[in-house]
Amino acid sequence: MADRVALVTGGTRGIGGAITERLAAAGTVVAAAFTRDATAADQLRDRCQRSGGQVSLHQADVADPDACGGLVSEVLARYGRLDYLVNNAGAVSEQRYGDVATADWQRHIAVNLSAAFFLTQAALPPMVDQGFGRVVNVGSVTALMGSPVQIPYGAAKAGLIGLTRSVARAVARKGITVNCVIPGSIDTELSQALRYTDPARVTELIPAGRGGRPEEVAYAVAFLCDPQSSYITGAVLTVDGGLSMGG
Ligand SMILES: NC(=O)c1ccc[n+]([C@@H]2O[C@H](COP(=O)([O-])OP(=O)(O)OC[C@H]3O[C@@H](n4cnc5c(N)ncnc54)[C@H](OP(=O)(O)O)[C@@H]3O)[C@@H](O)[C@H]2O)c1
(Lines give C-alpha, C1' and ligand atoms only; values in the text may rest on other atoms or scores of the structure.)
Protein backbone atom coordinates (compact mmCIF):
# COMPACT_ATOMS: atom_id res chain seq x y z
CA MET A 1 0.00 0.00 0.00
CA ALA A 2 3.09 2.22 -0.15
CA ASP A 3 3.12 5.24 -2.48
CA ARG A 4 -0.65 5.23 -2.80
CA VAL A 5 -2.66 8.35 -2.00
CA ALA A 6 -5.72 8.26 0.26
CA LEU A 7 -8.36 10.84 1.10
CA VAL A 8 -9.93 10.12 4.49
CA THR A 9 -12.82 12.41 5.45
CA GLY A 10 -13.17 12.95 9.17
CA GLY A 11 -9.63 11.59 9.11
CA THR A 12 -8.26 13.54 12.05
CA ARG A 13 -9.88 12.04 15.14
CA GLY A 14 -11.97 9.08 16.27
CA ILE A 15 -12.32 6.23 13.78
CA GLY A 16 -11.02 8.35 10.90
CA GLY A 17 -7.94 9.29 12.91
CA ALA A 18 -7.18 5.60 13.40
CA ILE A 19 -7.69 4.99 9.67
CA THR A 20 -5.26 7.79 8.80
CA GLU A 21 -2.66 6.43 11.27
CA ARG A 22 -2.98 2.90 9.95
CA LEU A 23 -2.73 3.86 6.26
CA ALA A 24 0.15 6.27 6.91
CA ALA A 25 2.03 3.57 8.84
CA ALA A 26 1.73 1.35 5.76
CA GLY A 27 3.41 4.04 3.62
CA THR A 28 0.25 5.53 2.09
CA VAL A 29 0.23 9.30 1.69
CA VAL A 30 -2.90 10.44 3.50
CA ALA A 31 -4.93 13.60 2.90
CA ALA A 32 -6.89 13.82 6.15
CA ALA A 33 -9.96 16.06 6.03
CA PHE A 34 -11.75 17.70 8.91
CA THR A 35 -14.17 20.56 9.35
CA ARG A 36 -13.82 22.26 12.72
CA ASP A 37 -11.31 20.81 15.15
CA ALA A 38 -7.95 22.11 13.89
CA THR A 39 -6.22 21.21 17.16
CA ALA A 40 -7.07 17.52 16.85
CA ALA A 41 -6.01 17.67 13.20
CA ASP A 42 -2.61 19.18 14.00
CA GLN A 43 -2.01 16.63 16.77
CA LEU A 44 -2.85 13.73 14.48
CA ARG A 45 -0.57 15.00 11.70
CA ASP A 46 2.31 15.54 14.15
CA ARG A 47 1.85 12.03 15.59
CA CYS A 48 1.92 10.46 12.12
CA GLN A 49 4.92 12.50 11.03
CA ARG A 50 6.87 11.53 14.16
CA SER A 51 6.52 7.89 13.11
CA GLY A 52 7.53 8.61 9.52
CA GLY A 53 4.07 8.92 7.96
CA GLN A 54 3.12 11.50 5.33
CA VAL A 55 -0.15 13.27 6.17
CA SER A 56 -1.61 16.57 4.90
CA LEU A 57 -4.62 18.34 6.40
CA HIS A 58 -7.60 19.67 4.42
CA GLN A 59 -10.47 21.66 5.87
CA ALA A 60 -13.93 21.33 4.29
CA ASP A 61 -17.56 20.95 5.33
CA VAL A 62 -18.60 17.86 3.38
CA ALA A 63 -22.27 18.78 3.86
CA ASP A 64 -21.65 21.23 0.99
CA PRO A 65 -21.53 19.40 -2.38
CA ASP A 66 -19.24 22.07 -3.87
CA ALA A 67 -16.82 21.59 -0.96
CA CYS A 68 -16.71 17.85 -1.75
CA GLY A 69 -15.62 18.52 -5.32
CA GLY A 70 -13.16 21.12 -4.07
CA LEU A 71 -11.64 18.69 -1.60
CA VAL A 72 -10.96 16.06 -4.24
CA SER A 73 -9.54 18.72 -6.59
CA GLU A 74 -7.23 19.93 -3.80
CA VAL A 75 -5.88 16.42 -3.24
CA LEU A 76 -5.40 15.81 -6.98
CA ALA A 77 -3.64 19.17 -7.39
CA ARG A 78 -1.28 18.34 -4.54
CA TYR A 79 -0.50 14.69 -5.26
CA GLY A 80 -1.53 14.08 -8.87
CA ARG A 81 -3.43 10.90 -8.01
CA LEU A 82 -6.04 9.44 -5.71
CA ASP A 83 -6.15 5.71 -4.96
CA TYR A 84 -8.31 5.34 -1.84
CA LEU A 85 -11.35 7.37 -0.85
CA VAL A 86 -12.60 6.69 2.66
CA ASN A 87 -15.96 8.35 3.25
CA ASN A 88 -15.78 8.34 7.03
CA ALA A 89 -16.98 11.81 8.10
CA GLY A 90 -20.26 11.51 9.93
CA ALA A 91 -22.30 13.11 12.65
CA VAL A 92 -25.34 12.24 14.71
CA SER A 93 -27.56 14.14 17.09
CA GLU A 94 -30.42 12.31 18.74
CA GLN A 95 -34.09 13.35 18.68
CA ARG A 96 -37.39 11.56 19.26
CA TYR A 97 -39.40 11.35 16.02
CA GLY A 98 -41.72 14.22 16.89
CA ASP A 99 -38.76 16.48 17.54
CA VAL A 100 -36.94 15.95 14.22
CA ALA A 101 -36.85 19.40 12.60
CA THR A 102 -36.46 19.87 8.84
CA ALA A 103 -32.93 21.11 9.43
CA ASP A 104 -32.10 17.99 11.49
CA TRP A 105 -33.25 15.75 8.64
CA GLN A 106 -31.41 17.69 5.94
CA ARG A 107 -28.17 17.99 7.88
CA HIS A 108 -28.02 14.24 8.68
CA ILE A 109 -28.66 13.31 5.05
CA ALA A 110 -26.13 15.86 3.79
CA VAL A 111 -23.26 14.82 6.07
CA ASN A 112 -23.84 11.08 6.30
CA LEU A 113 -25.10 10.25 2.79
CA SER A 114 -24.92 13.02 0.17
CA ALA A 115 -21.29 13.80 1.00
CA ALA A 116 -20.27 10.23 0.18
CA PHE A 117 -21.98 10.49 -3.20
CA PHE A 118 -20.47 13.84 -4.20
CA LEU A 119 -16.99 12.86 -3.02
CA THR A 120 -17.20 9.54 -4.87
CA GLN A 121 -18.48 11.23 -8.03
CA ALA A 122 -15.46 13.56 -7.97
CA ALA A 123 -12.97 10.80 -7.13
CA LEU A 124 -14.03 8.23 -9.73
CA PRO A 125 -12.71 9.88 -12.95
CA PRO A 126 -9.02 9.77 -11.88
CA MET A 127 -9.53 6.25 -10.50
CA VAL A 128 -11.05 5.15 -13.82
CA ASP A 129 -8.16 6.76 -15.72
CA GLN A 130 -5.57 4.87 -13.66
CA GLY A 131 -7.61 1.63 -13.69
CA PHE A 132 -7.44 1.30 -9.92
CA GLY A 133 -9.37 2.63 -6.98
CA ARG A 134 -10.85 1.77 -3.62
CA VAL A 135 -13.86 3.47 -2.10
CA VAL A 136 -14.76 2.55 1.47
CA ASN A 137 -17.89 4.03 3.03
CA VAL A 138 -18.22 4.04 6.79
CA GLY A 139 -21.80 3.24 7.72
CA SER A 140 -23.38 2.44 11.05
CA VAL A 141 -25.05 -0.43 12.81
CA THR A 142 -28.06 1.91 13.09
CA ALA A 143 -28.65 1.20 9.38
CA LEU A 144 -29.20 -2.48 10.21
CA MET A 145 -30.81 -2.35 13.65
CA GLY A 146 -32.61 1.00 13.60
CA SER A 147 -32.80 3.41 16.50
CA PRO A 148 -35.91 5.28 17.66
CA VAL A 149 -33.79 8.33 18.47
CA GLN A 150 -31.52 8.32 15.40
CA ILE A 151 -34.11 8.34 12.60
CA PRO A 152 -32.46 10.73 10.07
CA TYR A 153 -29.03 9.22 10.82
CA GLY A 154 -30.35 5.67 10.43
CA ALA A 155 -32.00 6.58 7.13
CA ALA A 156 -28.82 8.21 5.84
CA LYS A 157 -26.61 5.30 6.86
CA ALA A 158 -29.03 2.79 5.31
CA GLY A 159 -28.86 4.88 2.13
CA LEU A 160 -25.10 4.52 2.23
CA ILE A 161 -25.47 0.75 1.76
CA GLY A 162 -27.58 1.32 -1.36
CA LEU A 163 -25.07 3.89 -2.60
CA THR A 164 -22.21 1.44 -2.01
CA ARG A 165 -23.83 -1.35 -3.99
CA SER A 166 -25.01 0.81 -6.89
CA VAL A 167 -21.64 2.54 -7.36
CA ALA A 168 -19.88 -0.82 -6.95
CA ARG A 169 -21.87 -2.10 -9.94
CA ALA A 170 -21.15 1.05 -11.96
CA VAL A 171 -17.35 0.66 -11.73
CA ALA A 172 -16.88 -3.08 -11.15
CA ARG A 173 -15.07 -3.59 -14.48
CA LYS A 174 -12.71 -0.65 -14.05
CA GLY A 175 -10.43 -1.95 -11.29
CA ILE A 176 -12.39 -0.07 -8.64
CA THR A 177 -14.05 -1.64 -5.61
CA VAL A 178 -16.66 0.03 -3.43
CA ASN A 179 -17.46 -1.38 -0.01
CA CYS A 180 -19.13 -0.41 3.25
CA VAL A 181 -17.76 -0.97 6.75
CA ILE A 182 -20.37 -0.92 9.50
CA PRO A 183 -19.05 -0.02 12.94
CA GLY A 184 -21.00 -1.01 16.01
CA SER A 185 -20.47 0.89 19.27
CA ILE A 186 -16.96 2.33 19.07
CA ASP A 187 -15.28 4.38 21.79
CA THR A 188 -15.05 7.90 20.30
CA GLU A 189 -16.34 11.39 21.09
CA LEU A 190 -19.36 10.68 18.87
CA SER A 191 -20.57 7.70 20.91
CA GLN A 192 -19.81 9.44 24.22
CA ALA A 193 -21.90 12.50 23.35
CA LEU A 194 -25.22 10.82 22.52
CA ARG A 195 -28.20 12.46 24.20
CA TYR A 196 -30.42 9.43 24.82
CA THR A 197 -28.39 6.30 24.05
CA ASP A 198 -26.36 5.06 27.03
CA PRO A 199 -23.17 3.30 25.78
CA ALA A 200 -23.18 1.10 28.91
CA ARG A 201 -26.67 -0.21 28.02
CA VAL A 202 -25.52 -0.87 24.45
CA THR A 203 -22.51 -2.80 25.72
CA GLU A 204 -24.86 -5.20 27.52
CA LEU A 205 -26.27 -6.14 24.07
CA ILE A 206 -22.88 -6.82 22.44
CA PRO A 207 -22.02 -10.55 22.20
CA ALA A 208 -18.30 -9.70 22.47
CA GLY A 209 -19.06 -8.04 25.81
CA ARG A 210 -17.32 -4.72 25.10
CA GLY A 211 -17.36 -1.69 22.86
CA GLY A 212 -14.97 -1.51 19.92
CA ARG A 213 -11.78 0.48 19.44
CA PRO A 214 -11.23 2.83 16.47
CA GLU A 215 -8.20 0.73 15.50
CA GLU A 216 -10.43 -2.30 15.03
CA VAL A 217 -12.50 -0.44 12.43
CA ALA A 218 -9.35 0.96 10.82
CA TYR A 219 -8.06 -2.58 10.30
CA ALA A 220 -11.18 -3.48 8.27
CA VAL A 221 -10.91 -0.30 6.18
CA ALA A 222 -7.23 -0.93 5.44
CA PHE A 223 -8.04 -4.54 4.50
CA LEU A 224 -10.61 -3.36 1.94
CA CYS A 225 -8.17 -0.75 0.55
CA ASP A 226 -5.44 -3.33 0.05
CA PRO A 227 -4.76 -4.01 -3.64
CA GLN A 228 -5.16 -7.72 -2.82
CA SER A 229 -8.82 -7.15 -1.86
CA SER A 230 -9.51 -6.85 -5.58
CA TYR A 231 -12.44 -9.29 -5.71
CA ILE A 232 -14.39 -7.80 -2.80
CA THR A 233 -16.91 -5.24 -3.99
CA GLY A 234 -20.41 -4.23 -2.91
CA ALA A 235 -19.69 -5.87 0.44
CA VAL A 236 -21.08 -4.76 3.77
CA LEU A 237 -18.66 -5.68 6.55
CA THR A 238 -19.85 -5.33 10.13
CA VAL A 239 -17.23 -4.52 12.77
CA ASP A 240 -19.49 -4.61 15.79
CA GLY A 241 -18.55 -7.44 18.14
CA GLY A 242 -21.68 -9.24 16.92
CA LEU A 243 -24.11 -6.47 17.99
CA SER A 244 -26.13 -6.54 14.76
CA MET A 245 -26.81 -10.29 15.12
CA GLY A 246 -29.35 -9.29 17.75
CA GLY A 247 -30.39 -11.67 20.49
N1 LIG B 1 -18.33 5.88 17.21
C2 LIG B 1 -19.28 5.01 16.97
O3 LIG B 1 -19.78 4.31 17.87
C4 LIG B 1 -19.81 4.85 15.57
C5 LIG B 1 -20.73 3.83 15.34
C6 LIG B 1 -21.22 3.63 14.07
C7 LIG B 1 -20.79 4.43 13.03
N8 LIG B 1 -19.89 5.41 13.26
C9 LIG B 1 -19.49 6.22 12.11
O10 LIG B 1 -18.08 6.26 12.03
C11 LIG B 1 -17.66 7.50 11.45
C12 LIG B 1 -16.65 8.17 12.36
O13 LIG B 1 -17.27 8.39 13.63
P14 LIG B 1 -16.46 8.78 14.94
O15 LIG B 1 -17.09 8.07 16.06
O16 LIG B 1 -15.01 8.63 14.69
O17 LIG B 1 -16.87 10.33 15.04
P18 LIG B 1 -16.10 11.56 15.71
O19 LIG B 1 -15.13 11.09 16.72
O20 LIG B 1 -17.18 12.51 16.10
O21 LIG B 1 -15.28 12.17 14.46
C22 LIG B 1 -15.99 12.64 13.35
C23 LIG B 1 -15.05 13.15 12.30
O24 LIG B 1 -15.85 13.58 11.18
C25 LIG B 1 -15.57 14.94 10.90
N26 LIG B 1 -16.78 15.61 10.45
C27 LIG B 1 -17.98 15.67 11.08
N28 LIG B 1 -18.84 16.41 10.38
C29 LIG B 1 -18.17 16.83 9.27
C30 LIG B 1 -18.49 17.67 8.17
N31 LIG B 1 -19.70 18.23 8.05
N32 LIG B 1 -17.55 17.90 7.23
C33 LIG B 1 -16.33 17.34 7.34
N34 LIG B 1 -15.95 16.56 8.37
C35 LIG B 1 -16.86 16.32 9.31
C36 LIG B 1 -15.05 15.52 12.20
O37 LIG B 1 -14.29 16.68 11.93
P38 LIG B 1 -13.89 17.70 13.15
O39 LIG B 1 -12.86 16.97 13.97
O40 LIG B 1 -13.34 18.90 12.47
O41 LIG B 1 -15.14 17.96 13.91
C42 LIG B 1 -14.24 14.34 12.72
O43 LIG B 1 -12.97 14.32 12.10
C44 LIG B 1 -18.93 8.32 11.25
O45 LIG B 1 -19.38 8.19 9.92
C46 LIG B 1 -19.93 7.68 12.19
O47 LIG B 1 -21.25 7.86 11.77
C48 LIG B 1 -19.40 5.65 14.51
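Start by selecting T9 and A33: A33, in strand 2, is the bridge partner of T9. Strands here are DSSP runs of E with at least two residues, helices are runs of H or I with at least four, and both are numbered from the N terminus. Keep in mind that this is a predicted model, where local features need pLDDT of at least 70, side-chain atom pairs count only at pLDDT 80 or more, and totals for chains, interfaces and linings use all residues. Residues are numbered from 1 along each chain as its sequence is written, and side-chain values use heavy atoms, leaving out hydrogens and water.

Now show strand 1 and strand 2 whole: they run parallel, joined by five bridges (strands pair if DSSP finds at least two bridges between them). Add helix 1 (residues 14–25), and you can follow the chain from strand 1 through this helix to strand 2, a right-handed β-α-β crossover (with the strands pointing away from you, the path from the first strand over the helix to the second runs clockwise).

Stay on strand 2 (residues 29–34). Six of its six residues are buried, so the strand is largely enclosed by the rest of the structure (buried means under 20% relative accessible area, with a 1.4 Å probe and protein chains only). V29, A31 and A33 point one way, while V30, A32 and F34 point the other.

Next, pick V30 and V55, which stand opposite each other in strand 2 and strand 3. Helix 2 (residues 38–50) completes another right-handed β-α-β unit with these two strands.

Finally, zoom out to the open sheet: seven strands, parallel pairing, order 3-2-1-4-5-6-7. Strand 3 (55–59) and strand 7 (236–239) are at the edges with a single partner strand each, so one side of each has no neighbour in the sheet.

Definitions and conventions. Buried < 20%, exposed > 50% of the residue type's maximum accessible area, 1.4 Å probe, protein only.
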